[in-house]
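Biologist: I should like to learn how to read the features of a structural model. Could we begin with the way in which its parts are named?

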Amino acid sequence: MPIREDVVVVGGGLAGSMAALSAAETDASVRLVSYKKSTLRFASGLIDVLGYPNGDGPVSNPYAALGSLPDDHPYSLVGEQAIRDGLALFDEVTGDRYRGGHTDANALVPTYGGTVKPTARYPEASAAGLASDDRPMLVVGLRSRTEFDARLVADHLSAAGVPFDVHGAELSFPREFRADAKITRYAKALDKDEEVRFGGRSVGTREALAETVKPRLKGAERVGFPSMLGDEHASEVREELESQLGAEVFEIPMGPPSLPGLRLEDALFSALDDAGVRISTGNPVVDYETDGDELQAVYVDRKRTRVPYHADEFVLATGGLVGKGIDSDRERVRESIFGCHVPHSSDRYDWFDEEAFGEHPFAKFGVVVDDRMRVLDADDAPQFSNLRAAGAVVGGADSTAEKSSSGVSLATGVVAGRGAAASI
């Protein structure tokens, strides 16, 4: 029996998940098809809506800055309500695991580079670290984790003019791991409170870590660690450390593999399961079938067997240049699956700016869409009558520079998913 759904979403990141959840709000049958691991595990887990529009900022209220964006920006196409709808669905999915829903203003979250990032939603585990809080702070690093320099983070925060005293300390984790151990191994030791020898006796890893930190507190009322404080029992780990230290404990988001990103991925896929979305992962979409201007099916390569997934509506959420949803060679830029139109200069030297931190045209490469997220061809007509796009595969925004990538994924995902379901 052929596989057939009302809506097929191609891509399993934040945009694809939001599109699938939005489509499933109706009685539509929805399938999410994803090839590689979600890019969420490489992301900070922060939900940025808009921090630096047009090279300015940081802005305190992202909604107040929407009017300054160009007409082809995804936010200009879908409007403010779509951003709010995307955040509302995100809040519903994440519940008390995320903060920030009480205000339109950006929160200022310290990063592992010692900068302060404006963001609309942040993990509950990072809440005690906000830069708007004036309580003195200790930043803890581990000598075995060279990617996080606590003293450097503290120095950079001080130089940024934060309204609190901050100092950093590099410590030894109370349990030794091999040199190339992943951060998830540290989290597992804290999750399970694995027994270690400390001070001549056997204690749990959590107690040993707290005792290691105590001499460095020096009046700090909150203590920041790199994101490593457990995975399945992260709240429990943090609460126990707080009890033993007598100070609030928070995590500073890290690069890949990102525990906040992995936790968010788990929450999204749990919500997809609850919504009845069928999920197919691990195999690439390699081809498609049409009838006139209408898509009939996408084909997935499963161990050299082409498996068709039929649907009435399709959503493309495969990511941008980083996610390989947009591909390029020396001659051209193209969308990877359907070959959709991606505007770009024929001279590849025009794709870049001479300045390393200049405005690079390649940062905005992506497919062109209308206000319903329908993918358009070079003549501004729908490429296919039943294909929409969401997330970083949509062009028009330098979301990395703007700090808007999560917000664009939420807003366009909701519009694309609901539009697909409504068109059945």
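Modeller: Helices and strands are DSSP runs, of at least four residues for a helix and at least two for a strand, and they are numbered from the N terminus. Please keep in mind that this is a predicted model. In these terms, N54 is placed in the loop between β2 and α2.

Biologist: What is the sign of phi at N54, and is this residue a glycine or not?

Modeller: Phi of N54 is positive, at about 55°, although N54 is not a glycine. The residue counts as partly exposed because its relative accessibility is 40%, and partly exposed denotes the range between the buried limit of 20% and the exposed limit of 50%. K218 also has a positive phi, near 50°, and is likewise a residue other than glycine. K218 belongs to the loop between α6 (205–213) and β11 (222–226), and at 70% relative accessibility it counts as exposed.

Biologist: Which peptide bond is cis, and what is its omega?

Modeller: The bond from G57 to P58 is cis, with omega near 5°. P58 is found in the loop between β2 and α2. H73 is placed in the loop between β2 (30–34) and α2 (74–78); with a relative accessible area of 0%, H73 is buried.

Biologist: How many helices and strands does the chain have, and why may it be called as compact as a globular protein of its length?

Modeller: There are 10 helices and 21 strands. The radius of gyration is 23 Å, close to the 22 Å given by the globule rule for 424 residues, so the chain is as compact as a globular protein of that length. The C-alpha trace spans about 75 × 50 × 40 Å along its principal axes, and 53% of the 424 residues count as buried.

Biologist: How should I read a salt bridge, and what does the one between R4 and D312 tie together?

Modeller: The criterion is a side-chain nitrogen of Lys or Arg within 4 Å of a carboxyl oxygen of Asp or Glu. By this rule, the count comes to 29 salt bridges. One of them joins the side chains of R4 and D312, at 2.9 Å from N to O. R4 lies in strand β1 (residues 3–10) and D312 in strand β16 (residues 305–316), so this pair ties together parts that are 308 residues apart in sequence. R4 is partly exposed at 48% relative accessibility, and D312 is partly exposed at 29%.

Biologist: Is the salt bridge partner R388 buried or exposed?

Modeller: R388 is buried, with a relative accessible area of 4%. Its side chain meets that of E313 in a salt bridge of 2.9 Å, N to O. This pair links distant parts of the chain, with R388 in strand β21 (residues 387–389) and E313 in strand β16, 75 residues apart. E313 counts as buried as well, at 6% relative accessibility.

Biologist: Which residues form a negative patch on the surface, and which make a nonpolar one?

Modeller: The negative surface patch is formed by D353, E354, E355 and E359. E359 lies in the loop between β18 (333–335) and β19 (368–369) and is exposed, with a relative accessible area of 67%. L321, F352 and F362 make a nonpolar surface patch of about 240 Å². F352 is placed in the loop between β18 and β19 and is partly exposed, with a relative accessible area of 44%.

Technical notes:
Residues numbered from 1 in each chain as written. Predicted model: local features only at pLDDT ≥ 70, side-chain atom pairs only at ≥ 80, totals over all residues. Heavy atoms only, no water. Patch = residues over 30% accessible without salt bridge, like charges linked within 9 Å, V, L, I, M, F, W, Y side chains within 5 Å. Areas by Shrake-Rupley, 256 points an atom, 1.4 Å probe, with all protein chains shown as cover. Lys, Arg positive; Asp, Glu negative; His and termini not counted. Charge placed at Lys NZ, Arg CZ, Asp CG, Glu CD. Buried < 20%, exposed > 50% of the residue type's maximum accessible area, 1.4 Å probe, protein only. Rg over C-alpha atoms; globule rule 2.2 N^0.38 Å.
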